[in-house]
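Biologist: I would like to go through the labels on this structure one by one. For each label, give me the value and the cut-off behind it.

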Amino acid sequence: MQSAITELKAEADEAENVTIDTTELEEDVKSAEDSLAELKEKQAEVEKAIEELLPNIRDVKSRLEETTARNEKVLEDMTVAEAKIEEYVKGHTERNAAVEKKRAKLQQITEVREKQKEVVQEATEKKDESLLKARLMTHKTKQDREKKKRAEEAQAGDGEQQTREEDTTATQLLDSELVNIEPVSTKKEPSYYKARIERAVKQIERERERRQMSERDPVVALEKFQRAKKSLDAKLIQIETIEKNVNALISDIKERKKRWKLFRAHIAFTTNITFDEMLNKKGSSGQIEFLHEDRRLKLVVQKDNTNEMSQTKDVKALSGGERSFTTLSLLLALGESLETPFRVMDEFDVFLDPVSRKIALDTMVAVAKELEHRQFIFITPQDLSSLKPDRMLKIFKLKPPERNSIGGPSQQTLDFEPPARE
């Protein structure tokens, strides 16, 4: 241990006697200090420049934030504008489709109207022609009867001259008196009169055979022959006139039936258009199929007029409100072709939602005001505060019924309040 301590002391003495040269190190330190001073100067200059640029930086930053906010607002407005443009384009497409649909319906209506005009014109001409023929037949029959009567009463010479003069006068007066002549109407078929003539001829033959009549005097036989021939000619003329009248009546009935079918088709067409227009007010569409042979109506309803997949032919598949609005549209469409002076609808809006009810009320009031020569009565238990009374619209509100709490509710006669005087 002592030896170790001695060695250590010897090493310490040797270390004190050693001299170290630090000149290079001092130069390095001085160089480092000079660089540090230079760097501090540059740092001070940079900090000064930064302080000088800070206001500009803040201004630029403020303007950048303002520009960013403005761009975000513009972007938001552009997004809203794009949504509106898409909605407008979609609505424009739907409106174009609706316009094309209306245009097609208008074209159909125009074609039907032109056909109706042609039918009416043709029927009028046929009616005038038939009436003229009937008047001529009636006048001819009357003239033949008068001629026959004058021939029986007239005598030779002056009588024949008088008959010819009267016939000439009657012929001249035909045009002036033709308008006042009414055709002869008959309730029996031509076959009835033919059968009567045949029976009369057979009866004459039997009577002649029974009496064994034989005319030996040629003059008497000729006179009887002439009288019989005149009578037969008169009957044949009468039969021919009746046959022509019957044929004219049959032709007129056929023409009337043809016009009736056209009129029925026109009513079905206009009812279909009105029914579809009523449903279009609610964004739907529909069609009515008139099964005339079965005396039934078949409704086809499309809930969304832009989606054909929503079409249904079963009215029971509709909801209560949709079924009520469809029924109301059908009644209004059929009412366009009816001439009843009064129309009453009771609790028509019970199952309708608020939007459908408002559309239905506005439509019914508008239709009622357009048809001034008819009176509409609408009965509803719901509120009518959205309607404003006017000269054509009157609202009568009934008092609620009195309730008997002991014996239960009892319905009594209700007194309605009279409308306020204008």
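Biologist: How many salt bridges does a search of the whole structure find?

Modeller: The search finds 17 salt bridges. Keep in mind that this is a predicted model.

Biologist: What makes Arg-63 and Asp-59 a salt bridge?

Modeller: The N to O distance between their side chains is 3.8 Å. The cut-off is within 4 Å, so the pair qualifies.

Biologist: Where do Arg-63 and Asp-59 lie with respect to each other?

Modeller: Both are in helix 2, which spans residues 23-153. They are 4 residues apart, so about one helical turn separates them.

Biologist: Why are Arg-63 and Asp-59 called partly exposed?

Modeller: Arg-63 has a relative accessible area of 48%, and Asp-59 has 40%. Partly exposed covers the range between under 20%, which is buried, and over 50%, which is exposed. Both values fall in that range, so both residues get the label.

Biologist: How do you know that Arg-103 forms a salt bridge with Glu-100?

Modeller: Their closest N and O atoms are 3.3 Å apart. That is within 4 Å, so the pair counts. Arg-103 and Glu-100 are 3 residues apart in helix 2, again about one helical turn. Glu-100 is partly exposed, at 46% relative accessibility.

Biologist: What is the N to O distance in the salt bridge of Lys-303 and Glu-322?

Modeller: It is 3.9 Å, so this pair also meets the limit of within 4 Å. Lys-303 lies in the loop between strand 2 and strand 3, whereas Glu-322 lies in helix 7 (residues 320-335). The pair therefore ties together parts that are 19 residues apart in sequence. Lys-303 has 36% relative accessibility and Glu-322 has 24%. Neither value is under 20% or over 50%, so both residues count as partly exposed.

Biologist: Which residues are linked in a network of salt bridges?

Modeller: Lys-101, Lys-105 and Asp-276 are linked in such a network.

Biologist: Now the rings. How many aromatic pairs does the structure hold?

Modeller: It holds 2 aromatic pairs.

Biologist: Why is the pair of Phe-348 and Phe-378 called edge-to-face?

Modeller: The ring centres are 5.8 Å apart, and the planes meet at 65°. Centres within 6.5 Å make a pair, and planes over 60 degrees apart make it edge-to-face. Both conditions hold, so the label follows. The pair links distant parts of the chain, 30 residues apart. Phe-348 is in the loop between strand 4 and helix 8, and Phe-378 is in strand 5 (residues 375-379).

Biologist: What makes the pair of Phe-376 and Phe-378 tilted?

Modeller: The distance is 5.9 Å centre to centre, with 45° between the planes. That angle is neither under 30 degrees nor over 60, so the pair is tilted. Phe-348, Phe-376 and Phe-378 form one aromatic cluster.

Biologist: Which of these, Phe-348, Phe-376 or Phe-378, are buried and which partly exposed?

Modeller: Phe-348 has a relative accessible area of 9%, and Phe-376 has 15%. Both are under 20%, so both are buried. Phe-378, at 26%, is partly exposed.

Biologist: How do you know that Lys-282 lies over the face of Phe-325?

Modeller: Lys-282 is 5.9 Å from the ring centre. The distance limit is within 6 Å, so that value passes.

Biologist: Why do you say that strand 1 and strand 2 pair?

Modeller: Strand 1 (residues 285-291) and strand 2 (residues 296-302) share 7 bridges in the antiparallel sense. At least two are needed, so they pair. Ile-288 stands opposite Leu-299, and Ser-285 has Gln-302 as its bridge partner. The two strands form a hairpin with 4 residues between them. In the turn, Arg-295 has a positive phi of about 55°.

Biologist: How many bridges join strand 2 and strand 3?

Modeller: There are 2 bridges, again in the antiparallel sense. The requirement is at least two, so this pairing counts as well. Gln-302 stands opposite Gln-311 in strand 3.

Biologist: What makes strand 1 and strand 3 the edge strands?

Modeller: The 3 strands form an open sheet in the order 1-2-3. Strand 1 and strand 3 each pair on one side only.

Methods. Residues are numbered from 1 along each chain as its sequence is written. This is a predicted model: local features need pLDDT of at least 70, side-chain atom pairs count only at pLDDT 80 or more; totals for chains, interfaces and linings use all residues. Side-chain values use heavy atoms; hydrogens and water are left out. Buried means under 20% relative accessible area, exposed over 50%, partly exposed in between (1.4 Å probe, protein chains only). Rings of Phe, Tyr and Trp (its six-membered ring) pair if their centres lie within 6.5 Å; planes under 30 degrees apart count as stacked, over 60 as edge-to-face and the rest as tilted. A charge sits over a ring if NZ of Lys or CZ of Arg is within 6 Å of the ring centre and within 35 degrees of the ring normal.
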